[in-house]
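Here is a brief report on one protein chain. Start with the structure below, then read on.

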Amino acid sequence: MVNGRTVLERFPAGGPRGSWPAEEFAQARRLEGLPAEVVMDLATDMFLVIVRSGDGADATA
């Protein structure tokens, strides 16, 4: 857990044009009931799929 967030998955920012793997992964987690969202980590140039703490989710990295 980092800054009150649990990172579920990491995706490189330079994916193929028209491909949104981080958004697709997050949507699949939302369909499972996790309040997943995508954020950009500028330091690593990665998209992170996260769950914020306090949302009632019991997720692990």
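## A helix residue and its contacts

Take Ala26 as the entry point to this predicted model. Beyond its neighbours within four places in sequence, Ala26 is in contact with Ala36, Val38 and Val49.

Ala26, Ala36 and Val49 are among the residues of the largest nonpolar core. That core has seven residues in all, and the others are Leu8, Phe11, Ala22 and Val51. Three elements, β1, α1 and β3, each give two or more residues to this core. In soluble globular proteins, nonpolar side chains tend to be buried together.

## The sheet

Three strands form an open sheet in the order β1-β3-β2. Their pairing is antiparallel. The edge strands are β1 (5-12) and β2 (37-41), and each pairs on one side only. On average, neighbouring strands of this sheet are turned by 35° against each other, direction ignored.

How many bridges join β1 to β3? There are seven, and β3 covers residues 46-52. One bridge partnership links Arg5 with Arg52 in β3.

## The helix on the sheet

Helix α1 spans residues 21-31 and packs on the sheet. The helix touches β1, β2 and β3. The direction of α1 makes about 145° with that of β1.

## Confidence

The chain averages a pLDDT of 85. A score of at least 70 is reached by 84% of the residues.

Where does pLDDT stay under 50? This happens over residues 55-61. For that stretch the model has 11 contacts beyond four places in sequence.

Conventions: Residues are numbered from 1 along each chain as its sequence is written. This is a predicted model: local features need pLDDT of at least 70, side-chain atom pairs count only at pLDDT 80 or more; totals for chains, interfaces and linings use all residues. Side-chain values use heavy atoms; hydrogens and water are left out. Two strands pair if DSSP finds at least two bridges between them. Helices (H or I, at least four residues) and strands (E, at least two) are DSSP runs, numbered from the N terminus. Axes are lines fitted to C-alpha atoms, for helices over the stretch in contact, and angles run from 0 to 180 degrees between N-to-C directions. Contact means heavy atoms within 4.5 Å. A nonpolar core is a set of buried Ala, Val, Leu, Ile, Met, Phe, Trp, Tyr and Cys residues joined through side-chain atoms within 4.5 Å. Buried means under 20% relative accessible area, exposed over 50%, partly exposed in between (1.4 Å probe, protein chains only). pLDDT is the predictor's confidence in each residue, from 0 to 100.
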